[in-house]
Amino acid sequence: MSTEIRPFRIDVPQADLDDLRDRLARTRWPRQLPGEGWSRGVPVGYIKDLAEYWHSGYDWRAHEARLNRFPQFVTEIDGQHVHFLHVRSPEPGALPLILAHGWPNSFVEFTELIGPLTDPRSHGGDPSQAFHVVIPSVPGFGFSAPPRGTGWSVTRVARMWAELMRRLGYARYGTQGGDLGAYVAPEVAKVDPEHVAGVHINAGFGFPTEKDVPELTPEEHEQYVQMQQWAGGGVDHHRLLRAAPQTFSYGWHDSPTALLAWHLQKLWEFAGTAYLPDEAIDRDLILTNVALYWLTGTSGSSSWFMYESSEFAWPEGQSEVPTGVYCGPPAIRRLAERHNTVIHWPDSNPVGHHFLAMDVPEALAADIREFFGKVR
C-alpha cells in the first residue's frame, strides 16, 4: 500500500458543466400538489427559483477556484483513495484538529469555519487557540473513493482518520463533528485515545429514548416530546436508504433537479422547518455542496452508513477523552454523561441550523476554541 500524500486540485471538465446546465434547462417540472407550504415536500415555486439560479446565476468555476485556495491532497488508506484538506495555521503551537463532516454534506460544510479556526487573530479570537485543520472527505463522498464491498462502519472510517493524522505527523490532536461527524469524531478517540486530546460535537449526545421516558423530569419530558416531533417529521432518510438506496440513486444521479430537491428537503427538515434553507445557509454554499455531489456522482455511495446499518440509533460518544458539546436541549447532559466525560456544555450559544458550520461558523469556532482551551 502506498502511503504517499499527493497534492490535489479540483478541475471539473467543462463538458460536465455544460451537461449540468443542459439538464437543468430541460427539467420536466411536475404540477404543484394541493396543500400548504412544504406539507407535500419542496414547493415547485421555491425549487424553480433556486434551480434557475443554479442554471443561469451560479458560477461553479468561481467556487471551484475558492475551494482550490485551500491546500488539498489525496492519499491511500485501507485500500481507499482519500481526499482531504490540510490547512495549517500561521500561529505557533496550533493544535491539530480533524473535522468530520455530515450527510448530505461534504468538506464544503466547513469552508466558512476554516478561517476562524486557523487564524483566530483575524476573527476576534485568541491566537493561542489556533488550529491546524484537517478535513477529509468520508469514503463515498465527493472526491474520496466509494467504499469497496460491504461491511463498512464508522469505526473503520475512524481508524482511517487516525492513520491520516499519524501520516501527517500529528502526535496529539482533537476531533470535531456533527451529524454523521457526531458518530465518527468520538470513534476516532476510541481507536486512538493516546493521541486524541478531546472530542467536540455540535449536538447529538444525550438524546432521550423511549426507554428513558420513565425517569425523565417534567422539563426533560417536554424536551423529549419536542425531539420526537422534530425526529418524527419529514422523510425518514435512514429507513429509506436502508431499504432501497439503489432505487433512489437513479433519480439523484440522472437529474440535478431531483438531487437539489432531495437536499432542500433535508436542509428544511434539519432546520426544524423554522425557516427556508437559503434563509439559514447562503444559496451559493448550498449549491456548491449539491454540485459537488452531482459532479462526483456520489449521491448513492454517500449513503453507505445508512444502508450498512440495521436500525437507527443516536450517537453515544466515548469516555476515553474529555467531551465538549456546542448546545444542550433537546439533548440532556446527565444522559450524555452516561457515556461521556463532559467538561463543556454551554447554554448560551446561538441557536442555528443543524449544520452550524454553514450557518453560524464564527459562533461554532468560538465554542470549539473554548472547549479545546480546556484540554490543550
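The protein chain holds 16 helices and nine strands. This is a predicted model. Its 376 residues give a radius of gyration of 20 Å, which agrees with the value near 21 Å of a compact globule. Of these residues, 54% count as buried.

**Overall build**

- Along the principal axes, the C-alpha atoms of the protein chain fill a box of roughly 55 × 55 × 45 Å.
- Among contacts with a separation of 6 or more, 77% join residues 24 or more positions apart in the protein chain.

**Surface and charge**

- The protein chain has an accessible surface of about 16200 Å².
- Carbon and sulfur atoms supply 50% of that surface.
- The protein chain carries 32 positive and 46 negative charges.
- The mean positions of the positive and the negative charges lie 4 Å apart.

**Helix H10**

- Helix H10 covers residues 256–270, 15 residues in total.
- At 1.5 Å a residue, H10 should span 21 Å, and its end C-alpha atoms are indeed 21 Å apart, so expectation and model agree.
- H10 is mostly covered, with 13 of its 15 residues buried.
- Gly272 follows H10 and has a positive phi, near 70°.

**Ser137**

- Ser137 sits in the loop between strand S5 (131–136) and helix H5 (154–167).
- The relative accessible area of Ser137 is 1%, and buried means under 20%, so Ser137 is buried.
- Leaving aside neighbours within four places in sequence, Ser137 is in contact with Val82, His83, His101, Phe107, Ser144 and Trp161.
- Two of the names in that set are histidines, His83 and His101.

**Val321**

- Val321 belongs to the loop between helix H13 (304–307) and strand S8 (322–325).
- Val321 counts as buried because its relative accessibility is 6%, and the cut-off is under 20%.
- Residues up to four places away in sequence aside, Val321 touches Ala189, Pro193, Val196, Ala197, Gly198, Val199 and Thr341.
- Val342 stands 21 residues from Val321 along the chain, and their C-alpha atoms are separated by 9.2 Å.

**In brief**

- Ser137 is a buried loop residue.
- Val321 is also buried, and it too is found in a loop.
- Helix H10 has the span expected for its 15 residues, and 13 of them are buried.

Methods:
Residues numbered from 1 in each chain as written. Predicted model: local features only at pLDDT ≥ 70, side-chain atom pairs only at ≥ 80, totals over all residues. Heavy atoms only, no water. Helix = DSSP H or I, 4+ residues; strand = E, 2+ residues; numbered from the N terminus. Rg over C-alpha atoms; globule rule 2.2 N^0.38 Å. Buried < 20%, exposed > 50% of the residue type's maximum accessible area, 1.4 Å probe, protein only. Contact = heavy atoms within 4.5 Å. Areas by Shrake-Rupley, 256 points an atom, 1.4 Å probe, with all protein chains shown as cover. Lys, Arg positive; Asp, Glu negative; His and termini not counted. Charge placed at Lys NZ, Arg CZ, Asp CG, Glu CD. Expected span 1.5 Å × (residues − 1).
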